[in-house]
Amino acid sequence: MCGRSLGEGIRLQVDHKVPREWGGPTVDENLWALCSECNQGKRNFFASITDERVQQAMLHPSVHIRLGELLKAFGNGRVPKAYLQIVAFTHDDFEKRLRELREIGWRYRVEKRRESGRVRTFFVLEHWEPWPANPAAAIREGERAKKRRDKR
Ligand SMILES: [Zn+2]
């Protein structure tokens with residue numbers, strides 16, 4: 001996470017991307033190597049997240065389903081941006097992944113609110129559709145169809 005390399009006297013630790021306490025399995029896809037400092041920082045960060053809706057949403061292997069299920073778990077409520085960043089985990093651009101949900105009929109709005117001097121961003125679900133068998137494939141197909149329409 002910090003980008004330092006092994007030559008710099010770093011000790012690597014095997015870490016569960018989705019923490020074990022959250023139900024993250026011990027399988028290759030959920031394991032990576034972090035330096036001990038990054039690992040401790042990540043552990044503290046996850047320990048600070050106590051909302052079970054976030055933990056539940058984390059368990060889906062598809063990033064689109066993780067984001068969508070988190071929005072659904074809040075009903076019409078405001079979902080803090082940080083929560084979506086967490087469930088997008090390992091996908092840097094969670095807002096792009098979120099926009100892609102529009103390709104399969106989902107609608108949401110973004111709200112900015114000033115809270116104790118800081119502007120905070122929230123996402124509010126307006127409409128959702130049942131998941132296709134393969135959300136990523138359905139999204140790609142939707143994007144291709146849109147490009148064909150734009151060309152005409
Ligand atoms: Zn590190």
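**Figure 1. The accessible surface of the whole protein.** In this predicted model, the protein shows about 9700 Å² of accessible surface, and carbon and sulfur atoms own 47% of that. Of the 152 residues in the protein, 36% are buried. Lay the C-alpha atoms along the principal axes and they fill a box of roughly 60 × 40 × 25 Å. As for charge, there are 30 positive and 21 negative ones, and their mean positions sit 4 Å apart.

**Figure 2. Helices, strands and the contacts between them.** What does the protein have in the way of helices and strands? The count is six helices and five strands. Follow the sequence and you'll read them off as β-β-α-α-α-β-α-α-β-β-α. Now take the contacts in the protein with a separation of 6 or more: 52% of those come from residues 24 or more positions apart.

**Figure 3. Close-up of the zinc ion.** Which residues coordinate the zinc ion? Look for three cysteines: Cys-2, Cys-35 and Cys-38, each using its SG atom, at 2.1 to 2.2 Å. Along the chain, the donors are spaced as C-x32-C-x2-C. Are Cys-35 and Cys-38 buried or exposed? The cut-off for buried is under 20% relative accessible area. Cys-35 comes in at 7%, so it counts as buried. Cys-38 has a relative accessible area of 16%, so it is buried too.

**Figure 4. Close-up of Asp-51, in the loop between two helices.** Find helix H1 (36–47) and helix H2 (52–57), and Asp-51 is in the loop between them. Leaving out residues up to four places away in sequence, Asp-51 touches Phe-74 and Tyr-83. Why does Asp-51 count as buried? Its relative accessibility is 15%, and buried means under 20%, so Asp-51 makes the cut.

**Figure 5. Where domain 1 and domain 2 meet.** The domain assignment splits the protein into domain 1 (1–48) and domain 2 (52–151). Nine residues from domain 1 and seven residues from domain 2 take part in the contact. How far apart are the C-alpha centres of the two domains? They lie 25 Å apart. To tie this in with the earlier views, Cys-2, Cys-35 and Cys-38, which coordinate the zinc ion, have numbers inside the 1–48 range of domain 1.

Terms used. Residues are numbered from 1 along each chain as its sequence is written. This is a predicted model: local features need pLDDT of at least 70, side-chain atom pairs count only at pLDDT 80 or more; totals for chains, interfaces and linings use all residues. Side-chain values use heavy atoms; hydrogens and water are left out. Donors are N, O and S atoms within 2.8 Å of the metal (3.2 Å for Na, K and Ca); water is not among the atoms, so sites may look incomplete. Buried means under 20% relative accessible area, exposed over 50%, partly exposed in between (1.4 Å probe, protein chains only). Helices (H or I, at least four residues) and strands (E, at least two) are DSSP runs, numbered from the N terminus. Contact means heavy atoms within 4.5 Å. Accessible areas come from the Shrake-Rupley method with a 1.4 Å probe; for residues, only the protein chains shown count as cover. Lys and Arg count as positive and Asp and Glu as negative; His and the chain ends are not counted. The place of a charge is taken as NZ of Lys, CZ of Arg, CG of Asp or CD of Glu. Domain bounds come from an automatic or database domain assignment.
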